[in-house]
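Me: Please take a close look at a single part of this model, the nonpolar core and the residues beside it, and tell me how far the prediction can be read there.

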Amino acid sequence: GNRESQIELISGLIDTDGSVYQSKDGRIIIRLQMQAQSVIDSVSALMLDLWQVQVKKTVDSRGGHRPIG
């Protein structure tokens, strides 16, 4: 897909299932919470491809949500 549509996809996911904030040490944190592992894997691959950003994935055992960012 083209870069613009990939960025729009990530932007839409952040708008609906995420947040963006700055950590105390100055890093920009993008957090997405979702249950679909396939979407998490796809977003991780897109972020690596677009911005060479490694994505940290964690599992929230309280409700099965998996924050990524």
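Reply: The mean pLDDT of the chain, which is the predictor's confidence in each residue on a scale from 0 to 100, is 83, and 83% of the residues score at least 70. Among the elements, H1 has the highest mean, 92, and S3 the lowest, 57. Where pLDDT is low, the predicted coordinates should not be read in detail. This is a predicted model, in which local features need pLDDT of at least 70 and side-chain atom pairs count only at pLDDT 80 or more, while totals for chains, interfaces and linings use all residues. Residues are numbered from 1 along each chain as its sequence is written, and side-chain values use heavy atoms, with hydrogens and water left out.

The chain has two helices and three strands, taken as DSSP runs numbered from the N terminus (helices H or I, at least four residues; strands E, at least two), and along the sequence they follow the pattern α-β-β-α-β.

The largest nonpolar core (buried Ala, Val, Leu, Ile, Met, Phe, Trp, Tyr and Cys residues joined through side-chain atoms within 4.5 Å) consists of eleven residues: Ile10, Leu13, Ile14, Leu32, Met34, Ile40, Val43, Leu46, Met47, Leu50 and Val55. Helix H1 (3-17), strand S2 (28-34) and helix H2 (37-51) are the elements that each give two or more residues to this core, and H2 gives the most, with five. Buried here means under 20% relative accessible area, exposed over 50% and partly exposed in between, with a 1.4 Å probe and protein chains only; by that measure 26% of the 69 residues in the chain are buried.

Within the core, Met47 is worth following: apart from neighbours within four places in sequence, Met47 is in contact (heavy atoms within 4.5 Å) with Ile10, Ile30, Gln52, Val53 and Val55.

Two of these partners, Gln52 and Val53, lie in the loop between H2 and S3. Val53 counts as partly exposed because its relative accessibility is 33%, whereas Gln52, at a relative accessible area of 61%, is exposed. The phi of Gln52 is near 55°, a positive value in a residue other than glycine. Most residues other than glycine have a negative phi.
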